[in-house]
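User: I'd like to learn how to read a few features of a protein model. Could you walk me through one?

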Amino acid sequence: MDLFLQTLVNGILIGGILICLTIGFQLTFGVLHVIDFAVGGWTMLGGYTAYWLVTLAGIDPFISIFLVFALFLLIGRGLGPLIYHVRTSRYARPDLMALAFTFGIFLFMRGGALWLWSYNSRSVDSVLSGQFLSLGPVTIPLMRLSAFLLAMLFSLGLFILLYRSRFGMAVRALAQNHDHAGLMGVDVKRVSAWVYGIYTALTASAGVLIATIYSVNPSVGIRYTLFAFFVAVLAGLGSVGGVLVAGLALGLLEAYVATYIGARYSLLIVFGTLYLVLLVAPKGVLGRGI
Amino acid sequence: MSNELRVDNLVTGYGKQEIVHDITVSAPPGQITCIFGPNGSGKSTVIKAIAGLLPAWSGRITLGGTEITGLPVHTMVSKGIVMMPQGGGVFPRFTVMENLRMGGYALNNKQLIEERIESLIADYPNLQRRRNTPAGSLSGGEQMMVAIARALVTDPAFVMLDEPSAGLSPALVHETMERVVGLKERGVGVIMVEQNIREALPVADSVYIFAGGKRKFAGTQEDIRDDNHLMSIYMGGT
């Protein structure tokens with residue numbers, strides 16, 4: 001029973017981070033209709049940025065995460081118009097072109113990281129490393145708890161932005177129809193570019209948390225791209241609310257598989273589950289829409 | 001007239017295909033200008049070009065003498081031109097109120113938007129009752145009413161309607177035309193693209209008929225003598 005409870009807590013804590021990892025990806029799909037293959041790449045780069053900030057400047061990852069957020073917000077905002085251009089090109093199948101384009105970005109990131117920083121895994125140290133909180137039978141690493149809370153803070157921030165601001169209203173209108181939003185006075189290109197920036201910022205921030213809990217090396221990207229795909233598809237592509245349910249589900253599933261079956265089976269069982277869920281509910285758990 | 005919306009010698013189309021060949025239209029302020037024509041005659045294409053949804057290949061579009069050719073779509077609302085796409089273009093996942101607020105997006109003044117919405121919605125008892133219903137679950141006619149009310153939130157000089165009668169029952173077409181006259185009574189200039197000549201002609205102050213991307217007729221409803229005359233214009237005569 002204790003093990004069961006401990007696993008439940010572990011699963012929820014990781015689930016929160018997976019929500020932060022996927023929520024921006026999902027927003028980008030809902031608004032720009034781009035499936036960004038580079039999602040894991042942004043996660044990896046966020047982790048490396050935190051590593052260098054703590055190694056060179058001594059900034060704790062729980063502080064530097066805000067710097068990473070700001071930095072990647074600007075990077076994504078800068079790259080956004082290019083993504084928008086590829087996605088709205090008049091040539092055949094711009095949806096596939098965008099997928100190929102982001103896959104290219106992903107390979108570039110992975111190759112660049114290998115070249116610059118070699119294959120070694122780097123761990124990101126924090127003052128919270130090795131500290132625990134005991135609640136009855138359950139032991140909670142303070143780092144995971146803080147990471148969970150920060151991930152929730154970022155995700156909540158996104159919801160507030162989406163549902164309580166003028167910008168958020170424009171984003172939600174855009175997710176329904178680009179032309180109609182434009183006719184209402186929404187600068188579609190500009191808002192799309194900011195959406196891409198928000199996505200890269202959220203994803204890189206999730207990368208900081210992931211790198212702090214585990215570690216980071218140039219090939220972690222593909223794993224998190226797969227996880228983001230899993231959560232997004234389970235949630236229903238484009239559904240931001242569904243990510244909350246699907247992220248927790250993946251976190252719990254992974255935790256229980258790791259505890260009771262073995263960590264090496266986790267991807268097999270995770271994607272087997274996705275396959276079965278899609279057979280039953282092809283539109284995802286909450287259906288479409290922001 | 002000084003504040004008219006003018007299109008001079010417009011050439012445009014989709015992709016590489018030219019649809020509109022050298023068309024000139026002028027819409028006086030505060031009046032209803034109707035553009036009729038069969039499918040593919042370029043009538044919707046012209047108002048899409050005015051709205052900035054399509055680029056003008058050549059020609060000039062002016063509002064009150066100021067050139068607005070090639071301006072991006074999102075700047076049109078603040079110039080005083082609102083376009084209602086076919087079907088109304090409401091946001092299905094937004095409630096009626098959210099749709100109306102979206103209509104005031106360009107104003108960027110919460111209080112002003114809410115005041116305008118309250119005074120507009122008073123004219124629409126059906127919408128009044130369904131404020132918090134997602135627009136996607138309203139009937140086609142109700143969506144059209146949301147779209148018309150929404151077009152007025154910024155108090156525009158011109159509203160352009162792309163086939164407002166499409167897909168509506170005859171009774172609703174009639175109501176929609178009454179609302180269009182209501183726009184004119186508020187002092188709003190209207191450009192309406194329509195296929196339903198029978199319902200739309202009686203409300204028109206000036207009439208254009210397009211066929212094959214060319215202007216075949218320009219005048220007032222009195223200039224159209226009878227159905228045979230109309231038919232002959234449609235079929236490519238003069």
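User: Happy to start with contacts. In chain A, what share of the contacts with a separation of 6 or more is made by residues 24 or more positions apart?

Analyst: Keep in mind first that this is a predicted model. In chain A, 80% of the contacts with a separation of 6 or more join residues 24 or more positions apart.

User: Thanks! How many helices and strands does chain A have, and in what pattern do they follow along the sequence?

Analyst: Chain A holds 11 helices and 2 strands. From start to end of the sequence, the pattern runs α-α-α-α-β-β-α-α-α-α-α-α-α. With a radius of gyration of 19 Å, close to the 19 Å from the globule rule for 290 residues, chain A is therefore as compact as a globular protein of that length. Its C-alpha trace spans about 60 × 50 × 35 Å along the principal axes.

User: How much of chain A counts as buried?

Analyst: Buried means under 20% relative accessible area. By that cut-off, 54% of the 290 residues of chain A are buried.

User: Let's try one residue. Is Leu162(A) buried or exposed, and where does it sit?

Analyst: Leu162(A) belongs to helix H5 of chain A. Its relative accessible area is 1%, so Leu162(A) is buried. As for distances, Leu162(A) and Ser239(A) lie 77 residues apart in sequence, and their C-alpha atoms are 13 Å apart in space.

User: Now the cysteines. How many disulfides does the structure hold?

Analyst: The general idea is that a disulfide is a covalent bond between the sulfur atoms of two cysteines. Over all chains, this structure has 0 disulfides. You can still ask about the surroundings of single cysteines. Cys20(A) counts as buried because its relative accessibility is 0%. Cys34(B) is buried too, with a relative accessible area of 0%.

User: Last topic, pockets. What is the volume of the second largest pocket, and which residues are closest to its centre?

Analyst: The second largest pocket has a volume of about 340 Å³. It is lined by 15 residues, and the closest to the centre are Ser165(A), Arg166(A), Met169(A), Arg101(B) and Lys110(B).

User: Which helices supply at least two residues each to that lining, and how does the lining divide by class?

Analyst: From chain A, helix H5 (142-164) and helix H6 (166-176) each supply at least two residues, as do helix H3 (96-103) and helix H4 (110-121) of chain B. By class, the lining of this pocket comprises 7 charged, 4 polar and 4 nonpolar residues.

Terms used
Residues are numbered from 1 along each chain as its sequence is written. Chains are lettered from A and ligands numbered from 1 in the order in which they are written. This is a predicted model: local features need pLDDT of at least 70, side-chain atom pairs count only at pLDDT 80 or more; totals for chains, interfaces and linings use all residues. Side-chain values use heavy atoms; hydrogens and water are left out. On a 1 Å grid over the protein atoms alone, a cavity is a set of points where a 1.4 Å probe fits but cannot get out, and a pocket is an open set with protein on both sides within 12 Å along at least five of seven lines; lining residues have an atom within 4 Å of a point. Grid points are joined across faces, edges and corners, and a volume is the space filled by probe spheres set on the points. Helices (H or I, at least four residues) and strands (E, at least two) are DSSP runs, numbered from the N terminus. Ala, Val, Leu, Ile, Met, Phe, Trp, Tyr, Cys and Pro count as nonpolar, Asp, Glu, Lys and Arg as charged, and the others, Gly among them, as polar. A disulfide is a pair of cysteine sulfur atoms within 2.5 Å. Buried means under 20% relative accessible area, exposed over 50%, partly exposed in between (1.4 Å probe, protein chains only). The radius of gyration is taken over C-alpha atoms; the globule rule is 2.2 Å times the number of residues to the power 0.38. Contact means heavy atoms within 4.5 Å.
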